[in-house]
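Trainee: Could you pick one part of this structure and take me through it closely? I'd like to see how it sits in the whole chain, and I'd rather have one long answer than many short ones.

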Amino acid sequence: MNPSIKFILILLVSLEITFVLDYRVNLLVAGCALIYLLLSKLSWRRCLLLIFLPVIPMLGAWTSFNTFSSPGIAWVMVTRILSYIYLGAAFSFTTDIDLWLDSLEQNFHLPTVFIYGLRGALSFVPRVKQEIKTIRVAALMRGVKIAPYSPQLFFKSILISLRWSERLSTAMISHGFTENAPRTHFKEISIKKSDIFIAGILILLMQFSLLFF
């Protein structure tokens, strides 16, 4: 399925269950998302993450709403959290971020500057992690221990990121990048009729479940 259509579908379902006070609908949505995830052949680490990630927020919601509201509302909130986590995983665990950004640019015509800004930010993440390790090791060689939460560490990381962003901007301009200019794409991303059909069927099934429940 086209990643942008998948994102819109998950966003609409998430917004809809926000206003539904029926735990059965939440369980249905969570179950469908879980089946999709299992069919996607996730790694064992991500499967364990799906098992343990919802535990703490679900326990917190159950304790809070069961104490200050009612068991019925507590069940709704607990299952809603489970649905949100599995819906988010259904997108983030099964979607190529680069493909999604390409789709947003080509199919929904988001500004190219915005898309390339996101690409640059995502590409900086592993480099920032490595740079933080380098800064801490360099400090240890001088006999200074920098804690992971130290403002000094964050300040240096921000300065390095700003320098990288300036270099990236200069490199893009030197390679002929022009804002709002027409561009060709090496890989064309299209929205197929089957994508819209599947998304429409799933939305209709969601409405039927609301009627029956």
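Mentor: Let's start with a term we need: the radius of gyration here is taken over C-alpha atoms, and the rule for a globule is 2.2 Å times the number of residues to the power 0.38. Keep in mind that you are looking at a predicted model. For 213 residues, a compact globule would come out near 17 Å, but this chain has 22 Å. You can set that beside the box that its C-alpha atoms fill, roughly 60 × 50 × 30 Å along the principal axes.

What is the chain built from? Its secondary structure comes to 9 helices and 0 strands. Reading from the N terminus, you meet α-α-α-α-α-α-α-α-α.

How much of the chain is buried? The share is 30% of the 213 residues, where buried means under 20% relative accessible area. The area that the chain exposes is about 14,300 Å², and carbon and sulfur atoms supply 71% of that. Among contacts with a separation of 6 or more, 75% are between residues 24 or more positions apart.

Now for the close look. I'd pick L37, which is found in helix α2. Is L37 buried or exposed? It counts as buried, because its relative accessibility is 0%. What does L37 touch? Leaving out residues up to four places away in sequence, its partners are L42, L50, Y86, A89, A90, F93 and T94. A contact here means heavy atoms within 4.5 Å, so you can check each partner on screen. For a pair that is well apart in space, take L37 and N107: they are 70 residues apart in sequence, and their C-alpha atoms are 25 Å apart.

Move along from L37 and you come to K41, in the loop between α2 (23-39) and α3 (44-52). Why does K41 count as exposed? Its relative accessible area is 74%, and the exposed class begins over 50%. Have a look at the backbone there too, since phi of K41 is near 55 degrees, a positive value in a residue other than glycine. Most residues other than glycine have a negative phi.

H109 makes a handy partner for K41 in your notes. Its phi is also near 55 degrees, again positive in a residue other than glycine. H109 is found in a loop as well, the one between α6 (97-107) and α7 (112-141). With a relative accessible area of 63%, H109 is exposed.

From there, step into helix α7, where L122 lies. L122 is partly exposed, because its relative accessible area is 44%. With residues up to four places away in sequence not counted, L122 touches I97 and L101. F7 is 115 residues away from L122 along the chain, and the two C-alpha atoms are separated by 18 Å. Helix α7 also holds A138, which counts as partly exposed at 31% relative accessibility. Between A138 and F124, 14 residues apart along the chain, the C-alpha atoms are separated by 20 Å.

Next, the cysteines. How many disulfides does the structure hold? The count is 0. A disulfide would need two cysteine sulfur atoms within 2.5 Å. The closest cysteine sulfur to that of C32 is in C47, 18 Å away, so the two are too far apart for a bond. Seen from the other end, C47 is in no disulfide either, with the sulfur of C32 as its nearest cysteine sulfur at 18 Å. As for cover, C32 counts as partly exposed at 47% relative accessibility, and C47 is partly exposed too, at 29%.

Last, zoom out to the charges. The chain has 20 positive and 11 negative side chains. The centres of those two sets lie 12 Å apart.

If you want one picture to keep, put two spots side by side. L37 is buried at 0% relative accessibility, whereas K41 is exposed at 74%.

Notes. Residues numbered from 1 in each chain as written. Predicted model: local features only at pLDDT ≥ 70, side-chain atom pairs only at ≥ 80, totals over all residues. Heavy atoms only, no water. Helix = DSSP H or I, 4+ residues; strand = E, 2+ residues; numbered from the N terminus. Buried < 20%, exposed > 50% of the residue type's maximum accessible area, 1.4 Å probe, protein only. Areas by Shrake-Rupley, 256 points an atom, 1.4 Å probe, with all protein chains shown as cover. Lys, Arg positive; Asp, Glu negative; His and termini not counted. Charge placed at Lys NZ, Arg CZ, Asp CG, Glu CD.
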